[in-house]
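Trainee: I would like to go through the reasoning behind a few of the labels used for this structure, one at a time.
Mentor: Then let us look at it together and set each label against its definition.

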Amino acid sequence: MSAPETLADRVLSGDLALHELEAHADADTAVEARRRLIAQETDTDLSALGAYAFDAGDAQSNIENMVGAVQIPVGVAGPLTVDGSSASGTAYLPLATTEGALVASVNRGCSAIQAAGGANARVFQSKMTRAPVFRVENVHEAGTVASWVRENEAKLAAAAAETTDHGELLDVTPYVVGDSVFLRFGYDTKDAMGMNMATIATEAACELLEEETPADLVALSGNLCSDKKPAAINAVEGRGRTVGADVVLTREQVEDRFGTTPEAIEEANTRKNLVGSAKAGSLGFNAHAANVVAAVFLATGQDAAQVVEGGNAITTVDVRGDELYASVTIASLDVGTVGGGTKLPTQNEALDILGVRGGGDPPGTNADAFAERIAVGALAGELSLLGALAADNLASAHEQLGR
Ligand SMILES: CC(C)(COP(=O)([O-])OP(=O)([O-])OC[C@H]1O[C@@H](n2cnc3c(N)ncnc32)[C@H](O)[C@@H]1OP(=O)([O-])[O-])[C@@H](O)C(=O)NCCC(=O)NCCSC(=O)C[C@@](C)(O)CC(=O)[O-]
Ligand SMILES: NC(=O)C1=CN([C@@H]2O[C@H](COP(=O)(O)OP(=O)(O)OC[C@H]3O[C@@H](n4cnc5c(N)ncnc54)[C@H](OP(=O)(O)O)[C@@H]3O)[C@@H](O)[C@H]2O)C=CC1
């Protein structure tokens with residue numbers, strides 16, 4: 001095994017490629033060699049990047065050309081009691097962020113929800129999607145392929161099942177545009193977010209489809225999935241977990257926690273989250289659901305690019321007599337408690353705070369509980385920010401805490 005300096009010199013001399021270092025040293029030495037080289041080449045001090053708290057070998061399936069790790073401060077909001085289909089009881093919410101005032105705000109929302117005895121939450125659908133695109137001759141052939149798919153879903157499911165123990169093909173929906181056929185495959189991926197699982201399973205199903213029909217696969221992802229892009233299909237049909245949360249607060253709780261009235265919060269929600277979002281052509285009819293989604297995703301090893309879909313949320317607020325009803329429904333929350341970045345040690349610990357590390361019993365229940373806790377966290381964030389806007393103290397809060 002070579003020392004980091006020797007390895008770095010071999011890369012500089014052209015003897016080794018930058019990405020080949022792990023084949024010539026243990027993972028931590030390879031990372032150190034690469035960091036030295038980049039520091040030298042860029043004349044920088046990268047010692048903070050090198051101060052990370054896990055073995056580089058643990059991250060080998062998560063990163064290539066590793067030079068270190070960035071650290072994001074993690075705070076907690078809560079306690080927060082959830083009555084869900086899988087989540088039950090009280091837990092804290094780990095939030096990784098650099099936006100001052102965010103944790104304080106979510107914490108304030110949590111304290112209001114706690115005063116009300118907790119929030120309800122429910123996963124309505126769990127379906128990760130992958131939508132390949134096929135070339136056909138013309139619309140007649142497109143019709144033939146779509147019909148074959150509708151009649152042979154069981155065969156496609158069997159082909160997909162060959163590739164995974166946990167994944168299950170739920171449905172396949174054909175969409176035709178001229179000589180292109182898109183098939184939106186939807187899978188129950190249990191506790192995995194499921195994007196690798198669904199992609200591998202869909203490839204197997206596509207091989208069968210190409211054997212049995214005139215369709216030619218052009219791309220295994222044809223963007224109707226729709227992964228990591230703002231898309232109405234996810235907002236309408238859902239993707240990953242579709243999950244809702246709601247709570248009823250008394251007038252006293254609203255006044256005590258937010259210094260404003262139920263009527264003022266309702267008006268802020270209507271004019272901002274509903275009318276303002278409609279005028280903006282927004283897909284998300286909420287204030288900042290993505291703030292909570294992003295902070296929990298970073299803390300727990302979710303795929304950060306899928307925050308795009310996690311922002312597909314609608315917040316409703318209604319005065320009911322002398323009480324305030326508030327809800328958040330997230331259409332496409334892509335979460336897992338196994339796989340991807342969830343297995344890294346710090347991310348594992350964050351999942352432990354929520355009590356959802358690893359596979360659930362039965363499978364799928366941990367990721368369901370996780371989704372429900374995120375939805376309630378988003379509700380806490382919505383209530384607090386709407387409260388701050390209604391009481392006109394958003395700017396002053398960020399002057400005090402956020403700078
Ligand atoms: C900042 C507060 C919470 C002050 O709120 P406050 O009511 O003035 O403060 P308070 O001292 O009376 O404390 C009330 C509660 O807030 C919490 N709290 C208070 N301070 C802390 C703290 N240091 N650490 C942890 N928790 C804290 C805590 O729960 C506390 O209760 P207690 O425990 O004392 O009984 C409030 O003004 C607020 O929430 N403002 C809104 C800020 C916000 O939501 N920012 C989110 C980011 S904005 C953004 O990114 C999106 C945006 C705005 O662009 C989207 C859009 O277009 O709408
Ligand atoms: N390939 C792509 O196109 C994309 C990939 N990604 C990346 O994909 C990764 C996430 O993919 P994902 O498939 O979730 O994870 P992994 O690829 O890490 O696979 C997780 C595997 O865990 C196994 N498993 C064990 N216990 C359970 C359980 N209780 N529930 C479900 N599965 C279980 C499953 O094996 P088995 O299947 O054998 O049952 C599953 O396939 C992330 O790193 C993400 O960044 C993101 C977007 C696109």
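Trainee: What makes Ala33 and Leu37 contacts of Ala8?
Mentor: In this predicted model, a contact means heavy atoms within 4.5 Å, and, once the neighbours of Ala8 within four places in sequence are left aside, Ala33 and Leu37 are in contact with Ala8. Ala8 itself lies in helix α1, which covers residues 4-12.

Trainee: Why is Ala8 called buried?
Mentor: Because buried means under 20% relative accessible area and Ala8 has 5% relative accessibility, Ala8 counts as buried.

Trainee: How far from Ala8 is Phe134, in sequence and in space?
Mentor: The two residues are 126 places apart in sequence, and their C-alpha atoms are 45 Å apart.

Trainee: What makes up the lining of the second largest pocket, which holds about 340 Å³ of space?
Mentor: There are 18 lining residues, and those closest to the pocket centre are Ala101, Ser105, Ala388, Ala397 and His398. At least two lining residues each come from α3 (102-115), α13 (365-390) and α14 (394-401), with α14 giving the most, six residues.

Trainee: How is the lining of that second largest pocket divided by residue type?
Mentor: It divides into eight nonpolar, eight polar and two charged residues; Ala counts as nonpolar and Ser as polar under the definition used, so Ala101 and Ser105, both among the residues closest to the centre, fall into separate classes.

Technical notes
Residues numbered from 1 in each chain as written. Chains lettered and ligands numbered in written order. Predicted model: local features only at pLDDT ≥ 70, side-chain atom pairs only at ≥ 80, totals over all residues. Heavy atoms only, no water. Helix = DSSP H or I, 4+ residues; strand = E, 2+ residues; numbered from the N terminus. Buried < 20%, exposed > 50% of the residue type's maximum accessible area, 1.4 Å probe, protein only. 1 Å grid on protein atoms, 1.4 Å probe; cavity = no way out; pocket = protein on both sides within 12 Å on 5 of 7 lines; lining within 4 Å.
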